[in-house]
Structures are given as C-alpha cells and as structure tokens.
Amino acid sequence: MSATYEIRGPVAVITLTNPPVNGLGLSTRKGITDGIERAQNDAAVKAVVITGAGKAFSGGADIREFGSPLAYASPDLLSVIAAVEASSKPVVAAIQSVVMGGGLELALGCHYRVVAPGTQVALPEVKLGLLPGAGGTQRLPRVLGLETALNLIASGDTAKSEQLAALPGQKLFDQVADGDVVAAAIAFATNVADRRPLPRVRDLKVVHTDAEAYLQFARNTVGAMSKNFPAPLQCVEAVAASINKPFDAGMQVEREIFSALMLTPESRAQRHMFFAERAASKIPDVPADTPVRTIAKVGVIGAGTMGGGIAMNFLNAGIPVTILETKQDALDRGLATVRKNYEAQVKKGKLTQEKLDQRLALLSSTLAYDDLKDVDLVIEAVFEDINVKAQVFKALDEVCKPGAILASNTSTLDVDKIAAFTKRPQDVVGMHFFSPANVMKLLEVVRGAKTAKDVLATVMQLGKKIRKTCVVSGVCDGFIGNRMIEQYSRQAGFLLDEGASPQQVDKAVEKFGFAMGPFRMGDLAGNDIGWYIRKRRYIEQPDMRYSKSADLLCELGRYGQKTSAGWYDYVPGKRDAIPSPVVAEMLEKHRAALGIAPRRISDEEIVQRLVYALVNEGAKIVEEGIASKASDIDMVYLAGYGFPLHRGGPMCYADTQGLFNVVAAMKRFAKNPNDDASFWVPAPLLAKLADEGKTFS
Ligand code: T1G
C-alpha cells in the first residue's frame, strides 16, 4: 500500500508514500483507512498523525484515475475522510510543502491541522473543470469563512499557509510549526490526546452578515469571468449549500454537482491539458536526467520586433542579454522599443520602476560580433532569408565559444540547412517564438537532425524558466503550428470561393471559441505576410490548390489594418472590422470567373472544415515524427494559436467528436468539387484510430 504506519510513543503516524505528490490513489486511500483502523484497535495508541512523504502532503486525488473505476473503488475518498473524522482518537494532519484538492479535503477531515510555513494551499479542482468533490465546498467555508473559501474554490488559486493562518477567526490551522512539522504534530497530538469532544469541522457553522447578497454578487462576477466554463459558477452553488443547508445535505449537493461536471467536455479538455502541458516537456529519447548546459549570458541577433521581444523574456528572468544589430540607428530603435514596452507596463501598474531599471541594467548592445564571444546562447532573429541566416551563423560560428548554443528564431526556414552553415551542427537548434515574443506562451523548439540531446534538454529547461510552453518540433516546412495553420487558411479561402463571406467564417469560428477568425487575424497580422510566403511556397509546389482570393485582396493593396483596408474596411485609428462591399464585389467576380455558383454554407461545415483541417494535418505531423505525441499538437494550438481552452486543442476536440465521425466528415468534404479532395484523404494514423474505435489520447 502507498502509506506506512509506525508508532512514535503514544502516537500512530500514517505517512502517505505515493510519489511524486502523494496522489490519493486507491492504494494510498487503503493505507489511510487501514492505519486508522489499526489505531482504533491499539489501546496503546492515544492519537494519530497523518503526513506525506517527499515533496507534498498530498497534491489531491490521483487525476490519472479519473474516468476509470479506480477513482470510485472502495474506499473512495469520501469514505476515507469519513473514517478519519469518525475516529475515536484525535487525528492530527502534519502538513508540509503542498496540500491541494483532495489532500486539503483529507486534512479538513482531521480534527487538528499543524502546518509548516510556506506550504502551498489550494482547492484547484475548478482548473480541471470540476469542484472539490470530497467535502471541500462544505468544510473550507466552515474554517475560513464564506468569502475567503469561495474565492479560493472558484479561482483555484494557491495561498501560502502562513497567510491563511493569520486570518482572524480562521480554524483551518491549529498551529504553524517551523522545522520538523511531524515532530510538532506528534507533540500537539500528545497534548490533545485526552481532549473531548473531538473538534469536527462539520460541526462548525458558516456565518456571514448578508450571505445571500454576497452569493448573488459572486454569481454575477464569477459568471462574467467564466464564459465557456461551467465549473466556476457551480462552485458558487456548492458553497452556497454550506451556509443554506445542514452539512450532509450540503455534501449531497456537492456530490451531484461534482459528478455532473466530471462528465462535461470542458472538464475532459481541462484534465487533458493538465497532462498535455507536462507531457510536452518530455522528449521520448532524451532522458529526464540529461545534463544541461549553464546559460548565464544570452546574445540576441537583431533588434527588431522579434529580437526585442525575445530579449525581454530573458531580462524578465534575470538573465543578462547582449543585443546585436548591424546599424546604430536600428540598434537605437530596438532598445527604445524595449524600454517603451517596459514603461507601458509600469504605467499599467504591472511593473515597478525599480524592476524596470533592474531589467534594463541587464541589457547591453553592440554592433560587433566579437562582443558575443562569451555568451552561452545566441538567438538569431533576423530577416527570414536563408542568405542572411548564412551570414549570421557563419559569423557566430567564428566568434562564439565552444559549447555555446546557436539558435534560430526562424519560422519557415530549414534548421538543418542553417546548422550546416556552422562547424557545430550539434549546437544548433530552432527556438521559434511567437509574436509578440515577450507575451505569447508558445515556444517551438525545433530539433535539427544533428541537434545534441543536451542542447534540447537545456533549451527545454530554459524555456520553462522564461515561462514558455515549450513543444519540440522536427524540421519541416512550418514546423507544427504554421504547417497546420496553412491548411486551416486554405480551407478558409475555399469557403470564400464557394459562397461564404469573411464575416460569416470569422463569426462561426469565434462562436466555436477562437479569439479571432482567420480573416480578422489576417487583417491584424498583415495579409501581405501570407502573400509573400505563398509566392515562395507555391513556386516550390505549383500544383498545390488554393483560393486566389487572398492574392486578389493583396493586389488591391488591402493588407489589413495597417492599410485601413483588408478583408474588412477600417476607420483609420480604429480596429472595428467593418464588412466591406469592395471585398464582397471582389469575391462575387472571383466566383463568377471560377464558374462557381455561390451556396449557403452552414456554420457547422465552416467549423468542421477549418478544425478538421488542423486535425488531419496534425495527424500527419505525429505520424511523421515531427511531433512526438498528439497532445503536443494540442499544446501548440492552445498556447500559440488561440484555440479555445475549453475544447482542449484540435486533437482533443476530435476525440470528443469521435474520430469515426471526423473521418466521415472528411469523406463528405472530399466529394466537394471546389475543395481539395487529395487533402481530405484521412491521415493513415487518423484512419487507423477511427477504424479501431480509438482516440488520439
Ligand atoms: N494526480 C496525478 N498526478 C499528479 C497530480 C495529481 N493530483 N498532481 C501532480 N501530478 C503529477 C504530474 O502529472 C507530474 O507527473 C508530477 O506529478 C509532478 O507534477 C476529490 C477530485 C502538486 C503543485 O489539481 O498543481 O483532488 O509528468 O510537474 O511543478 O476534490 O502538480 O512527472 O509524470 O506539476 O512540483 C486536485 C494538481 C486533483 C493539483 C506540484 N489537485 N497538481 O507541482 O510538479 S482533483 C490538483 C499541481 C481532486 C478532489 C478532487 C502540481 C503540484 P509527471 P508537476 P510541481
């Protein structure tokens, strides 16, 4: 069993031993109930202490069990906590480092709680699309009061133990103990061994001067902030029961809501994301204990928008940066932009002046490559042209010290070709940031054929340090994200050819949950960027079919917001996208020239063609080994492309739709003469999984 039982004087100590975070899986639950029973039957035992080994008291229920019978196998968590609370001898929780979710609920079932300072305390279930399902919504308000408890439960935020222990009237912690929290708990248990009646949290009352008014206020604020996510509002209803109903009735309310939320697609998506985010940091053939290189100084080549944003990531993490440009005026402009970005944050109160000064003090600049001779990592962010990259990497190869990592921020060029410009291809890697580089969470780490494993391990660890979601991609045109968005954009163009308007396509995908549809996005990013890439790409692949509508738009000079006209019209200085009669007429003429009679297209077809295009290309990317797992595809789209979080990413969404249904839809699209039938041949991986009734995850 994943719990030990030992006697220390008159106290029985039950220690949870289920690394890494003492998840309350079945074997741990059994260990607790067995320990409690042994203590009841041993006359020499006067009290019990429960504690956790390693880096947590307990991180909560074992999320891996969800969806399997194990989660409810006896003893389930509710009965474990009931057994603790019903103990005839006092049970004291000795809490250190992390007490979360079911772990905190277990502690709330104990009669006393002794906690180490600095312990992370949370009921984060709402972040998994759930709510505390083992009494947390009923017990936490009884020890912290309605408002503090509801804030913690509806937000899932983490608080420090000493902060909560300092709250007036709180009954969550009976003692904050420095040093050995188990020894302190044993001493505490010995002192209270004969004290009766045993204090049970369930016997406390939740008091509030005007609970109904507060709950209504909570419903309004939580409801406004949790569009697309049902769990937060349900937290309010469950916590409301703690004040409006007797304890057992409140527990029933909590149970019903918990069971319903567990079945929602949103919770499935959020649980998927929890593991997908952690799985992304694991590279199948790079052992977790691969030694990493020290990155104490970073160089950035290019002080443009990307270079400046990239530099800020490292300055924010306290890592000195030397930024290099070829001309003084470009360098001055770049440095001024970095300063302006920070000053804007200070103005918004997001950054103190002191922090701004600290960060800028870490930034130096130069026109000479020689000043980069002792950096540990250089990130090149110059113009997307292979000849320019060649010059830069040859220079870096000359100047940089052995062991320095040479990274390219390229978004479309071949990292292996770039590596070949140097005599150290093993030290070359892609670090593809997304604009704005100091804001977007996604970092595609592009692994060249010769990229060394320790270089990958180093960049993945560094990416986490600069608070990025890192996903490893192999080398192909567009890596993961842009290769998939290419097919998404092609479908958007075909939909215009067939009769849809830009606003209809945008509205349909924005209703699905994307922050911005493809045409508003094009107007924001600049339609000429895609135009440039298409010109280059379709020279290489002349037979690739695509809608010419975007080219026609650019030929009219309608690049988007920057020209106050794109797919939409814009009033100069404003961002409101106004449907454009010019574009409507352009499309009508374009359809006539194609001989296509425009048809009404449903929102469902629009969403399916755009999203399933991502799914099919994503499946090919996994199959080719460009991405090592389908959940990495989801992380790219959730962290870098505004895919709706409550859908869990394109591959997760396909799973919820059923891969059989996805393939059936693709077969329908392939029959459309105006679409690209060859694209809609399901990727073999997708076809196989659909045939076998399986899922990507
Ligand atoms: N269940 C299963 N595995 C878990 C886990 C959990 N609750 N928490 C963490 N892990 C794994 C994680 O996948 C990773 O595994 C390893 O532990 C280290 O995690 C009834 C229903 C605890 C603050 O939501 O917030 O209780 O990738 O990299 O940065 O009301 O993990 O190494 O194989 O995050 O030190 C509620 C979720 C559950 C807490 C530690 N609890 N965990 O952070 O390490 S639902 C949570 C965290 C519940 C009851 C309900 C963090 C952490 P691997 P890590 P960390």
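**Notes on the predicted model**

1. Starting with Ala 627: once its neighbours within four places in sequence are set aside, Ala 627 is in contact with Val 472, Ile 480, Ile 621, Val 622 and Ile 633. This is a predicted model, so read everything below in that light. Ala 627 sits in the loop that runs from helix H24 (603-623) to helix H25 (630-640). It counts as buried because its relative accessible area is 1%. For a sense of distance, Ala 627 and Ala 82 are separated by 545 residues in sequence and by 46 Å in space, C-alpha to C-alpha.

2. On to helix H26 (residues 650-657). Here 6 of the 8 residues are buried, so the helix is largely enclosed by the rest of the structure. The buried ones are Pro 650, Met 651, Cys 652, Tyr 653, Ala 654 and Asp 655. What covers them? The cover over the buried residues of H26 includes helix H11 (265-280), helix H18 (481-498), helix H19 (502-512), H24, H25 and helix H27 (659-670). Right after H26 comes Gly 658, with a positive phi near 90 degrees.

3. Salt bridges next. Side chains of opposite charge can pair when their charged atoms come close. A search of the whole structure turns up 39 salt bridges. One of them links Lys 629 to Asp 632, with the closest N and O atoms 3.1 Å apart. Lys 629 is buried, given its relative accessible area of 19%; the cut-off for buried is under 20%. Asp 632 is buried as well, at 1% relative accessibility. Elsewhere, salt bridges with shared partners tie Glu 498, Arg 599, Glu 605, Arg 609 and Asp 675 into one network.

4. Within that network, the side chains of Arg 599 and Glu 605 meet in a salt bridge at 2.8 Å, N to O. Are these two partners buried or exposed? Arg 599 counts as partly exposed because its relative accessibility is 33%. Glu 605, at 16%, counts as buried.

5. A salt bridge inside one helix: Arg 333 and Asp 329 pair through their side chains at 4.0 Å, N to O. If you set your own distance criterion, note that the one used here is within 4 Å. Both residues belong to helix H13 (residues 328-347) and lie 4 residues apart, about one turn of the helix. Arg 333 counts as exposed, with 53% relative accessibility, while Asp 329 counts as partly exposed at 45%.

6. There is also a patch of positive charge on the surface, where Lys 55, Arg 64, Arg 278, Lys 282 and Lys 464 gather. Where does Lys 55 sit in the chain? Look in the loop between strand E3 (47-52) and helix H2 (77-86). Lys 55 counts as exposed because its relative accessibility is 58%.

7. Asp 427 is a charged residue that is buried, with 4% relative accessibility. Its place is the loop between helix H16 (415-419) and strand E15 (428-433). Not counting neighbours within four places in sequence, Asp 427 is in contact with Arg 293, Gly 403, Ala 404, Ile 405, Leu 406 and Val 455.

8. Finally, the backbone. Most residues other than glycine have a negative phi, and most peptide bonds are trans. Which peptide bonds are cis? The bond from Ser 74 to Pro 75 is cis, with omega near 0 degrees, and Pro 75 is in the loop between E3 and H2. The bond from Arg 196 to Pro 197 is cis too, again with omega near 0 degrees. Pro 197 lies in the loop between helix H7 (181-192) and helix H8 (211-225).

9. Two non-glycine residues have a positive phi: Arg 467, at about 60 degrees, and Phe 479, at about 50 degrees. Arg 467 is placed in the loop between helix H17 (453-465) and strand E17 (469-473), and it is exposed, with a relative accessible area of 65%. Phe 479 belongs to the loop between E17 and H18. Phe 479 is buried, with a relative accessible area of 0%.

Terms used
Residues numbered from 1 in each chain as written. Predicted model: local features only at pLDDT ≥ 70, side-chain atom pairs only at ≥ 80, totals over all residues. Heavy atoms only, no water. Patch = residues over 30% accessible without salt bridge, like charges linked within 9 Å, V, L, I, M, F, W, Y side chains within 5 Å. Areas by Shrake-Rupley, 256 points an atom, 1.4 Å probe, with all protein chains shown as cover. Lys, Arg positive; Asp, Glu negative; His and termini not counted. Charge placed at Lys NZ, Arg CZ, Asp CG, Glu CD. Helix = DSSP H or I, 4+ residues; strand = E, 2+ residues; numbered from the N terminus. Buried < 20%, exposed > 50% of the residue type's maximum accessible area, 1.4 Å probe, protein only. Contact = heavy atoms within 4.5 Å.
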